[in-house]
Each structure stands twice: as structure tokens, then as C-alpha cells.
Amino acid sequence: MRIIDLLKQEAVVLGTSATSKEEAINKLIGLHEKAGNLTDAEQYKKDILAREAQGTTAIGEGIAVPHAKSTAVKAPALAAITVPDGVDYDAPDGKPAKLLFMIAATTDGNVHLEILSRLMVMLMEPAFAESLMQAKDTEEFLRLIDNKETEKYPQDADAAPAEQPQKKEGYQILAVTACPTGIAHTYMAAEALEKKAAEMGVTIKVETNGSGGAKNVLTDSEIEAADGIIIAADKNVEMSRFDGKPVLCVKVADGIHKPQELIEKVQNGEAPIYHHTGEKVQKSSGEKESFGRRIYKDLMNGVSNMLPFVTGGGILIALAFLFDDYSIDPANFGMNTPFAAFLKTVGGVAFGFMLPILAGFIAKSIADRPGLVVGFVGGSIANLGISFTNMDSSTAVSAGFLGALIAGFVAGYLVKGLEKLCSYLPKSFEGIKPVLIYPLAGVFLIGVIMFAINPAVAAINTAITNFLNSMGDVSKVVLGCILGGMMSVDMGGPINKAAYVFGTAAIASGNYDIMAAVMIGGMIPPLVIALCATFFKKKFTASDRKSAYVNYIMGLCFISEGAIPFAAADPLRVIPSCIVGSAVAGGLSMAFGCTLRAPHGGIFVFPVVEHVGGYLIALAVGSVVGMLLLALLKKNVKEEN
């Protein structure tokens, strides 16, 4: 099978125009439909747009290759257009796309993938791409492709491309390329790296993790002999085999556009040594992250590890009050009966780990394992509130969530500094650094720092707590509206997480009404989608309705992300509707005086919510308000065939 076997003459249009990316996509889909390649053009368009949502398929240099695997594709096929005036396709280099190929791939079968990858490789040659742009008719267009394929791949089309001859001493550099769909970018990155390595006189072998599985797989002996490895991937690849080797992890797009820079970094020893910890490489691991992004990731690492302690401890404490008898001793409520005392004691122990865990895992995110102990100690000191002027934890004022937050970041960067200082020590000290130098110096220094700053942080924490406690009913309702609305702005993104972290911080300070408003605000978006799809069916296609009904479960379980696909497809209508619904629910939760000691759980923790009747009303009203607003804003859609 050759490329022109997949590209019919009726699926090629030269010299057309397109005013937008969407119009170009529609034209290409129309060509596929005209050529009889599709069973359902609408479904195929959804799959194409879903792939575009992951990242632009524009390659740069005036070329775009939209592609998708879809159940609506009869057989593997290509469609192509040339746009002399160009169309804005969100290309990495900012240039308009003038040559566009659309790949239609089936969900099963992989024989065609290597054939399709050949086109991607050929397009990397600017002269060839320009000749296609200048083609006078479709016959010449197809002939140029056929000739180039014959020139570049004289072997049998079904045979796997021959591997680069390996020198006795092995390859200097190894690489792995992978993109989410494994059709285009995977092979283009491989070709770019191989081509640039050949120009530089560097031997390289590239493993491609495409939809057809891993090809040209790296062997243990090759990995052992290599100077370094480049991972150009936007999805997980197997990393344990690279333990102890210099590994440079980048986006697949960098493999296409920055091959020389990547090869030079490995050659110059700039790739960090990879130590396998049981985790796979992240989907996208850029060489440099912004400082703000790193801070956010470190914070969320601490919060995510802290939450189970808060949830388990908080619910047990709430159950202690639920099962206790207030009339026995009001001053000892929660500990009056043996069972209640057991629940409150165990819950208190779990709850007591909250701040040390937060600080410890923030520090671990920054400085890896050596930062863990220093962060734990710093968080514990913040929790106790002890200082140089008051070392009695029974009378000291806790620095609370804010203190633990500061302790985590200070501990992480403190250990990083110690590692830098210790890098000048003789190699004979390597073995004692992690077991003696880092913990001893780190714990001592974090103790000095936290003892010094605890009084000031405790004062700030106390002022914030007093302010929240002093807020009137109206002010608390407004705060509930704001926090509830924030939970729907980006549904799991930074704004959502900011409100959520504020709620968990409030739990640490004893303000449980804030967490109640936060959680109910996060439950609303999926419920808005599910209710609207149930009662206003004409606003959704049949397939969207099926997906929407699952949001009943996700909403009741406090999984805001269930609404993301619908928000992404129609943000100007869905997001405002959800924000209003969540704000109403958060405000009503505050108005009814609802409180919640657990930071998660959805409907499963409703039994431990104080004033649960009002909480249910807030949930129902917020969901209905959001549903009605969405139904008002959203247009009817045509029913699918």
C-alpha cells in the first residue's frame, strides 16, 4: 500500500480559500465525505475537534495535518487542500497554513500507520512541500507525492523501514517519541531527530510509540552504551529502563522543532540523571516551567497528600458528635460516651497529621525525598506554634495552615540549598549526605526558622480566623457566593483549587461553614449539565445526552471535572450558568448555617453535615437555577441521524 492508495483524486482540492481554522476543517471533512471515506461526518468532526483540543496539529512552515482515529471512518484515507492565501491554524511558528492534509484513521488495525507516517516525513522537506503548493492540478499533485515516496522509500511499502546501521560501540543518543494519537507527531519528531543527527554526525536510534505499538524498540545493551536519552513525548512512556541514565524529557513538538538543541544538550551533559521511582514520565514534561507553575504543582502535591487525613479524621470527629449525648456533659460534648470518645480520639489523631503532611509533601515535591523529613518537622512546629519565647505547646498559638504552607516551601528550598552546598564535598561523602547531613542540618535549620517566624505567622493566622468568625450573616452569604462561584470557573483548574485550598485551610482554623460552601459549589456543574440534558433534551444531541446523564453520579460525588467536556464545547453558555448555580448554592449553604468537617465526599458525607436539610435545599436550588439559565442560553441542536 502506498500513500496515493489512500489519497483519492476527488479528495484533493488545490487553490481554495478558508477564512478560519474551522472552515478549513469543514472543507477537508467534506472531501472525505465526498470520497466515501466516512460513515458519519458529524461524528468524525467531533473526533477531529477533540484531537485539536489536545493541541494544534499545525506543524509549522505553512503545513497542518489534522488527524483522528474514529469509528466513523470506513477505511484509512487522506484528504488534502492547498490554501495560497493561508489560514490561521494556531501554528507553533505563527505562520498561516497553506498545505493541509487530513488523516482519517480507523480505530482498529495499524498497518496503515507507517504508510501515513511517510507523508509526515516527506513534508519535512521544504522543497517538496513547496512543489506541492505549486502543483497545477491534482494529477501533478499526486504524481509528486508518488515520485517522492518512491525516491525516499524504494523498498516494499509493507516492509518496516530499515534501522540505521549500528556501530559496534552502539548508538551515541537514543530517543523515544510519542504523541497522544500516535499518528503524525510521533513519526515527524523521529524523522526530525534522525535527520538532524545525521547532519551532525551523531548516531541515533529512535523508538516510536505510535498507535500501532512501539517500533524500533530500544534494547538494554543500547541503553547501557548510549550517552543519553531524549524523551519527546506528550503521553506516558516506559521509563524504568532508563534508571541512572541522562534523560531529557520534552514535549513532542520540541522533538520536531528543536532537534539540534536537544541533541546538543545531551552531548554537552546537560540532561539530568533519571532515577526511577515507580512513576511514569508525565504527559508533557517541558524543559523549563514558570516559577508560578512550579509553586502551584508543589502546593497541590502537599494538598492532595493531606486530604485523606483531613477526610478520615474530620468525618470520624463529626460522627463522634453525631453519636454522643449532649445532655450528659455539654462541656465535654463529643467525648461523653465511650464510642463517641473513641471516634473523636482516633479522628483527632488523623486530623493532627494534616499540617505536617501538607508541609512534608510540599517539601518533597521541591527537593524529593531529602525534603520530606525537614518538611514534616517544619509543619509540626508550625502546628504546635512553639517559638523561642514560648516552648510550651499547651499555651503556644498554632501558626495553622499558613504556617505549614510556609514551612513546606522553606523546607524544600532549604534542602535544595544544602544539596548545592554539599555538591562541593568529596565523593566519599555521597553515602552519608541523605542519611546524616541533609536531615541533621535541615531539621536544625527549619527549627531555627520556624521558631523565629511562628509568633508572627500565628498572629496573622489568628487575625484571619477572628475576621472570619466576626463576619456577619450577610457577609458570610457573599463569601459563600464568591467561593461557590469560583469552584465553577475552571472546574478543577487553579481558580477552583484556590477556593478549595481556602476551604481546607478554614477547616484547620475551625471554620467549617466555608468548606460546606466550597464543596456544594463544586457539586453543581455536573448536576446542571445532567438536569439540563434530562429536562431540555433539544439542547443536546443524543450522544451528548448519554454522556450528560453520568454527571448525576459525578456531581453527587463532588467531581466537578465531569462538566469539563461540555464547558469546553460551549464555554460562553455552560460556564456562566454553572458559576451562577454554584454561587447560589454556596450562598444558601452559608445562609442556612451549614458546616462540614470533611473536605471531600459529596453526598456520602451529607450525614455529618450540620443542618443537612438546608444543605439539600441549597444543592437543589443551585442546580435548578444553573439548569434554567443554561436552558435559556443554550440553543437547540439538530437531532443526529
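**Cores, a helix crossing and two unusual loop residues**

At 45% relative accessibility, D368 counts as partly exposed in this predicted model. The residue sits in the loop that links α13 (354-367) to α14 (370-384). Its backbone is worth a look: the phi of D368 is near 65°, a positive value in a residue other than glycine. Most residues other than glycine have a negative phi. A positive phi of about 65° is also found at H611, again not a glycine. H611 belongs to the loop between α23 (571-591) and α24 (612-633), and with a relative accessibility of 45% this residue counts as partly exposed.

From these loops, the description turns to the interior. The largest nonpolar core contains 88 residues. Within this core, the residues with the most contacts are V303, M306, I514, M519, L596 and Y615. Helix α19 (residues 512-535) supplies the largest share of the core, namely 16 residues. A second core, separate from the largest one, is made up of 28 residues, with L99, A135, L142 and I145 among them. Returning to V303 of the largest core, its contacts beyond the neighbours within four places in sequence are with L358 and V501.

Helix α19 appears again in a helix pair. Its axis and that of helix α17 (residues 473-486) come within 8 Å of each other and cross at roughly 40°. The angle lies above the 35 degrees under which helices count as roughly parallel and below the 65 degrees at which roughly perpendicular begins, and α17 and α19 are therefore oblique to each other. The crossing of the two helices, α17 and α19, is right-handed. On the α17 side, the contact is made by K476, L479, G480, L483 and G484; on the α19 side, D513, I514, A517, V518 and G521 take part. One of these, I514, is also listed among the residues with the most contacts inside the largest nonpolar core.

The cysteines complete the picture. A disulfide is a covalent bond between the sulfur atoms of two cysteines. How many disulfides does the model contain? The count comes to zero. C557 illustrates this: the nearest cysteine sulfur, that of C578, is 17 Å away, whereas a disulfide requires a pair of sulfur atoms within 2.5 Å. C557 counts as partly exposed, with a relative accessibility of 22%. C422, by contrast, counts as buried, at 7% relative accessibility, because buried means under 20%.

How values were computed:
Residues numbered from 1 in each chain as written. Predicted model: local features only at pLDDT ≥ 70, side-chain atom pairs only at ≥ 80, totals over all residues. Heavy atoms only, no water. Core = buried A, V, L, I, M, F, W, Y, C linked by side-chain atoms within 4.5 Å. Buried < 20%, exposed > 50% of the residue type's maximum accessible area, 1.4 Å probe, protein only. Helix = DSSP H or I, 4+ residues; strand = E, 2+ residues; numbered from the N terminus. Contact = heavy atoms within 4.5 Å. Axes fitted to C-alpha atoms, helices over the stretch in contact; angles between N-to-C directions. Parallel < 35°, antiparallel > 145°, perpendicular 65-115°, else oblique. Left-handed = near helix turned anticlockwise from the far one by under 90°.
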